[in-house]
Structures are given as structure tokens and as C-alpha cells.
Amino acid sequence: MGVKLLLEKAQVEGIRSYEVYRREGGYRAAEKALKTMAPDAVTEEVKKSGLRGRGGAGFPAGMKWSFLAKPEGIPRHLVCNADESEPGTFKDRYLMEFLPHLLIEGLLISSYALGSNATYIYIRGEYAWIPDILEQAIGEAKANGWLGKNILGTGFDCEIYVQRGGGAYICGEETALIESLEGKRGNPRIKPPFPAVKGVWDRPTVVNNVETLAAVVPIINMGGDEYAKIGVGRSTGTKLISACGNINKPGVFEIDMTISVEEFIYSDEYCGGIKNGKRLKACIPGGSSVPILPANLLLKTAKGETRYMNYESLSDGGFATGSMMGSGGFIVLDEDQCVVKNTYTLARFYRHESCGQCSPCREGTGWMEKILKNIDSGKGKMSDIDLLWDIQRKIEGNTICPLGDAAAWPVAAAIRHFRDEFEWHVKNPQECVTRNYGLAHYADPLEVVG
Amino acid sequence: MPEEKKLFKVTIDNITVEVEPGTTILNAARQIGGEVTPPAMCYYSKLKNSGGKCRTCLVEVAAGSTADPRPMPKLVASCRTTVMDGMIVKSITSERVLDARAGVVEFLLLNHPLDCPICDQAGECHLQDLSYEHGKEGTRYEFNRRTFKKHDLGDYIQLHMTRCILCYRCVFTADQLTAKRVHGVLDRGDHAEIATYIEKSLDNDFIGNVIDVCPVGALTDKTFRFKNRVWFTKPVDAHRDCSKCCGEVQLWMRGDEVFRVTARKDEWGEIKDSSKGSTGWICNECRFEKKEAKDWVIEGPTKVSRHSVISQGHYVNVVKPKETLPDVMGGRAPKLLMNIHNVSEVNRPDIELSKIDGPAHSDDFKK
């Protein structure tokens, strides 16, 4: 049984309400931070903890906080990014739905550290019922003196507002989120200036993921150094993984980043193995935009070492033979799944969600989708595979925001690792619509293709 | 002199210039001029916040600055990246840049209808220039191009969204020039479109300027549509006393007839500053209603320096070579691609074609 810091109390009856949360030791960290620590000391603890952003990029949170510009007389803001729209990722939803007070407490401590008197939760439009849960929690916290004016007599004022998004993936990109929060069209801004200097209403802003902010609570409770001892290397603390796909036990799991991928998939404590006794074919380990890995490269790195569920190990080998931790959306594909169809589905998503601001992403995502649709339905040509490769190469890195990269990586990885499956689709136009390519050599964990 | 010390040295394709701090790479490159300057489809120096969207101006930064000479990992949009002292930039000397630029041109042309033969912008179209310079001869796109219905934005402007490359320039123009913007970008991704949502007319004295800033033929002047090709008309500088704008314009004339009135543009296709110092935006009255030569005080022909076909016949700085072809070819006579005969081997070889008055006709062979 791994360490549980965030979901420890998730199963307690009535934990959603303030009374139960408080009884279970809630708001202890907020009390400690506000009463006994200076704002900079809180930032220092977060820095010491080595907490990395849980939204996908894995940027150290403490470092991000210390970049925040602090000019005199200009308000600063903290924005909680709850626009969790990455296909396969649903950890923030779980956290907000079952432990709303944990997020509120994390927000309060972080707002105190950053000096934000108005803090926003930007939540995706599709989570239609969660804002009510959060607003109720905010109301309870306010009634008990945890929000509002002069909190705990420290002179610190803080209000938390919930802002519903319109349901756009792109608004999960921090600058697009800021634009949307300001009431504008959710187009990513061109950086620099970074939000730490000019964010919401041109004021210094920190945008953090729900899980990152919730993780501040255990960090303050146990101290940054203690928190850093959990996990391995630069992957400290615990991480929520939302596992889905062809597994026996889909759901949200808290892991301490020392377990191996194999254990995560096959252990009964976590995913519980592949559904219906099938074999593992491939896996997207960190949300739809990270590269897909065939089973052999997923369980072992190209060097033959065991792959672990942490930032470094998952990205071992770069994009050639590795992937990314991403946002923790763990999508498992069994032997019956078609990688081409899967890639087409993802391409369709990115085409739909591209904001249309910069040309490579606007035009390229649609083009890739159309080609993949052709290949998937048996109308593809051999040259289409190379064309896809060329298109993704011209999108990647040439766009304003990471959505272009996110659209390019899955296609690139699918072609890199499953080229024979694409070729089979082209060569067997009739057969590919009626049956799947099958396993070939992907599912054999012992054989590592270099 | 403390002011001089402030200048930043930046090297673009091995040419070093000194520019003011805060200058963008693109503007520094424009000071050098020529091929080094990255093309820009969405950036417009006269519009705040424009740029960064089309990605045609991507350049490689080989060294960030003297203080921090690390290269930037990604290609950067030169129109929105400011220079640092000692920055080394690669534009046309970088394979990566040329590759990315070719990619962007391909993306921009992907859904573009390429209806240049019936497009009023042809001849002064930035996308045409860009595709001549960086594009490929064919397309790899095998699907239907997206189309939109044509919209009338009031009595004077027509929106042909199919041609649009979503540079957002017209949106910025309406934002920054007029009191209330009624058009914008609807939808997202490849079905994003410039629209007024419910067909509304753009009704503002300065809204005509969106035609001038449009890099393609998406926004065209309805008083000029299909009247003439731009390369048949001659640009002439003219002015009039206008209470609303600077009144300094370019008339596009053929003979004595004024076909079109536009603002004056510089060598980058952007509206020039007027003699009063501010940007020379012109009002709708000057643009659409004063279509007679007598309305204007004509200053003289405009110097056309860059735009492709408008400058036909105006060869600026062209030196006629002194050598004849045999000189260049080491004494050999040039081999003509087309074999021109002076007798017809098919009809009557005894008739020498050059003796026939005018073009040969069947009657000539019946004699």
C-alpha cells in the first residue's frame, strides 16, 4: 500500500462537508501557514518539496511561484486551472468532486504565499455540477472564517471565485485560460510576456493545476523536506493517475511514483490487469497528447531497465523510445484495439479543439485528421504515412502554444512505433475495416525493439 | 553620448545592424531589407498586438545575446520577439527556417481557393508573393477545400471568407481605429471565420481601412470589384482637404479615370505615415466616394518598389548587361528552345514565311 496524501480521506463519509473535513484534520495546514509562517516561507517549503506541476508540463511549482513579479501597488492573482480537458484525464474532477475543501485549503495557503486577494478557479464547462460543489464549499469556508476579510485575524484577505468555462480544450493553456477569464475569446497569448509578469488584466498571475494546489496542503502539514522524501529523484510526492481503457479497475489512483508501470497495470491495488484476460498492446501513459508506447517499450526502457511511474523514467529515451508523465491520464489499449483508429480519434479531437489562431495548427490538424480518416477506412495510400510524418514535423514547435505539439506527438509516436499497422491498413483496404491488425510483436514485453 | 550606447547590435544572416532596444527581430531585418527580411502575413507595424499568428516570419535564434549566448530551442516568431544585444539570428541561412517556412506556406495555401484569376487582390497579394518566393509548385492536399458564403459587410466592403488566412489584422484595425467593433472571429480551428455573426454592415468612417490591411483578397472594395486588374492601373499620389482624415491617398488610374482609392503604402505593403506624422489611414468618403480626378490634387506617380506585377515596366535599379549572349556562353551561339523556321516544311517550302506580310494565312499558301 503506497503513501496517500491527497486521497487519504476521500472515502470518509460526508467529507464534502466542512464539519467532517475539519474533524478529519482539515484546515490544519491553513492555520499553520497563516498563523506561523511568512508568505515567503510557504513558497520556500513548496520549493523544498520539489513539487512539480501536475497539469502536464511538470514544471517545478515553487520555482514558478518565485518567478511571480511583485511590483508595488499592483494586485496579484492566483488562478486554479480546473479546465481538465485532456482525453483520458479525470483526476482533478475526482479531487474537486469528493474533496472540495482540500482544494479550497490549498488555494487559501497558496493565495497567502503569493499575496493573491482574489483567486479564481477556472473550471471547464462540461463539469456542470462541480461548480455548485465548489461554491458550497467556498460558502462553508467563508462562514467559518477561512475566506473573506482578515482571515484568522492575520489581516490577510482572500476571496475565491469559481468561473465556468465554455468547454474548450484550448482554455486549459494558461494564457488562453487568462484570456477566457477576462471574458475574451480563448486564444493563447504570445509569450513573452509570461503570466508571472502580465497575466489576468495585465497583473502578475500564477496559474496552477488543481492537483498541484491541493498538494500544497500535505506539504505544509508535513514540511517540504518530508514531502520530498516520498517518491524518487526529482519526482517527489504523490501523483494522481486516472487510469482508463481496457483494464479491470479504471479509476483514479494515488501513487508515490516508485512503483513500476508493470505493477501499476497488473497489481490488484491499481488497474488490476487487462480486462477479459487479454494482453497489453499499447499505452498512452500521460493523457492523450503524450506519445503512445507499445507494450515492450512501456514496461521496459530501451536500455532494458524497468520503467517506473515517474517523470524521469517515463520520459527515458526521449520521444524515440519514451513518453511523458503528462497529466496522468493513463490509457491502456489491449490486443483488440486498433492504433490507427485510436490515432484518428485523437486527431479528430485536436482538429476540433484547435483555436485557429496560428496557421500550422489550424490547417495541419484538419489535414492530419482527413488523412488518418482515409487510412482508417481503407482508402489510404502508402505515401500518406510519410505525408503524415512530414505534416506533424512541420506543426511541432512552430505554433504559438503547446496544442500544436500535443496534436503532433500522438501522430508521430503512432507512426514511429506502429508503422507496420499503418502499412497493413493501406495494403488491406477491405480487411482493415472488418478486423484489427492484431498484436504482432508489440505485446511481447520481453522483446525490446531498439 | 549616452543615447548611442543604448543601441543593440544584432546580426541577421551575418549582417550586423544596430537598432533601438525593444525593436523586434523583424523590424531589425527590415532595416537591412532584401531577402534577409522574413515575410510577414499577419504582423502589421501600425497595429498594436498584431503578429505572431501566421508563423511565416519564424527565424532561428542562434545566440540569445552576448550575456546569454545560448540558442533558443524553438524557432521564434520574429515579429514578436525583441532583439537583445549581441543576438545572432538566422533567417534564410538556416535550413530549419526555410523548411518551416515552406511548411507554413503550404498550410496557408491548403484551404486557399487560389482563385487569383478572378481575385481583385491579385497583383498586390501578399500570399501570392509569399507563394512565389517560398511555395512549392503543387499541393499535397487531396481533399475538398473549405468554402464559405460571400458576405456583404455594408455597401462598400465584401467579405470573401474562403480566401481569408485569419491574420486578425482587420479585427485589430476595427478595434484600434473605430469606436465599436462589430466583426470578429467566430468559431475555432479550421472552421474559424471572420464574421459579424448576424449579417451586419460595418458602419464606420474608417472601416474601409480593413481592405488595405487585408493581406489577401478576403476583404475587397465593392466599388472596385471586377472593374480592373491592379496591374493595368497606375498608382498616383494625390491629396485633398478632408475634415476626417489626412486626405493623402493613392489613386489607381487608367487614363483619366480613377478606379480605386487606397491609402499610401510603403515597401512592406503597410500604410505609410502621413505628412502630419500619424499613420495615414483614410476615411470612407475619400476611399469610396471621391472617384473622379477633379476631386483630387494630383502630386505625381507613386514609386512602386516591391510589389510584383504592379511594378511591371517600372524597372527600378535595373542594370542592362553589356555582354551579349555569345559572350556569356564562351562564343557559342545560344540554343533556342523553340526552333523558328522561316519556311514551312508542312505547307509549301518554296514560300519564305518572312516575306509574307503579316501573319501567315491559308490564302498565302494557295497562291
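How many residues of domain 1 of chain A are in contact with domain 3 of chain A, and how many residues of domain 3 are on the other side? In this predicted model, 10 residues of domain 1 of chain A meet 8 residues of domain 3 of chain A. On the domain 1 side of that contact, the count comes to 7 nonpolar, 2 polar and 1 charged. The C-alpha centres of these two domains sit 35 Å apart.

To put that contact in its setting, the domain assignment splits chain A into domain 1 (18-229), domain 2 (235-332) and domain 3 (339-434). Chain A holds 19 helices and 12 strands. Its C-alpha trace stretches over about 75 × 45 × 35 Å along the principal axes. The radius of gyration of chain A is 22 Å, and that agrees with a compact globule, because 450 residues packed in that way would give a value near 22 Å. As for burial, 56% of the 450 residues of chain A count as buried. Sequence separation adds another angle: take the contacts in chain A between residues at least 6 apart in sequence, and 72% of them turn out to join residues at least 24 apart.

Now for a closer look at one helix pair in chain A. Two packed helices are described by the angle between their axes and the distance between the axes. For helix H5 (residues 91-98) of chain A and helix H9 (residues 210-222) of chain A, the angle is about 50° and the axes are 9 Å apart. That angle makes H5(A) oblique to H9(A). Which residues do the meeting? From H5(A) come A:Lys91, A:Asp92, A:Leu95 and A:Met96, and from H9(A) come A:Val210, A:Glu211 and A:Ala214. Sorted by type, the residues of this helix contact give 4 nonpolar, no polar and 3 charged.

The backbone has a few oddities worth a stop. Most residues other than glycine have a negative phi, and most peptide bonds are trans. Against that background, a cis peptide bond links A:Lys191 to A:Pro192, with omega at about -5°. The next bond along, from A:Pro192 to A:Pro193, is cis too, and here omega is near 5°. Where do these prolines sit? A:Pro192 is in the loop that runs between helix H8 (174-181) and strand E5 (205-209) of chain A, and A:Pro193 is in the loop between H8 and E5 as well.

Phi brings up a tyrosine in each of chains A and B. A:Tyr27 is not a glycine, yet its phi is positive, near 65°. This residue belongs to the loop between helix H1 (18-23) and helix H2 (28-36) of chain A. Is A:Tyr27 buried or exposed? A:Tyr27 counts as buried, because 23 C-beta neighbours fall inside 10 Å and the cut-off for burial is 20 or more. Over in chain B, B:Tyr168 also has a positive phi, about 70°, without being a glycine. B:Tyr168 lies in the loop between strand E7 (157-159) and helix H5 (169-177) of chain B. B:Tyr168 is buried as well, since 23 other C-beta atoms lie within 10 Å.

Chain B has its own domain layout: domain 1 (2-106), domain 2 (142-221), domain 3 (230-311) and domain 4 (335-367). The C-alpha centres of domain 1 and domain 3 of chain B are 31 Å apart. Their contact draws 4 residues from domain 1 of chain B and 4 residues from domain 3 of chain B. On the domain 1 side, the residues break down into 1 nonpolar, 1 polar and 2 charged.

Methods: Residues are numbered from 1 along each chain as its sequence is written. Chains are lettered from A and ligands numbered from 1 in the order in which they are written. This is a predicted model: local features need pLDDT of at least 70, side-chain atom pairs count only at pLDDT 80 or more; totals for chains, interfaces and linings use all residues. Domain bounds come from an automatic or database domain assignment. Two residues are in contact if their C-beta atoms, placed from the backbone, lie within 7 Å. Ala, Val, Leu, Ile, Met, Phe, Trp, Tyr, Cys and Pro count as nonpolar, Asp, Glu, Lys and Arg as charged, and the others, Gly among them, as polar. Helices (H or I, at least four residues) and strands (E, at least two) are DSSP runs, numbered from the N terminus. The radius of gyration is taken over C-alpha atoms; the globule rule is 2.2 Å times the number of residues to the power 0.38. A residue is buried if 20 or more other C-beta atoms lie within 10 Å of its own, exposed if 12 or fewer, and partly exposed in between; C-beta atoms are placed from the backbone. Axes are lines fitted to C-alpha atoms, for helices over the stretch in contact, and angles run from 0 to 180 degrees between N-to-C directions. Angles under 35 degrees count as roughly parallel, over 145 as roughly antiparallel, 65 to 115 as roughly perpendicular and the rest as oblique.
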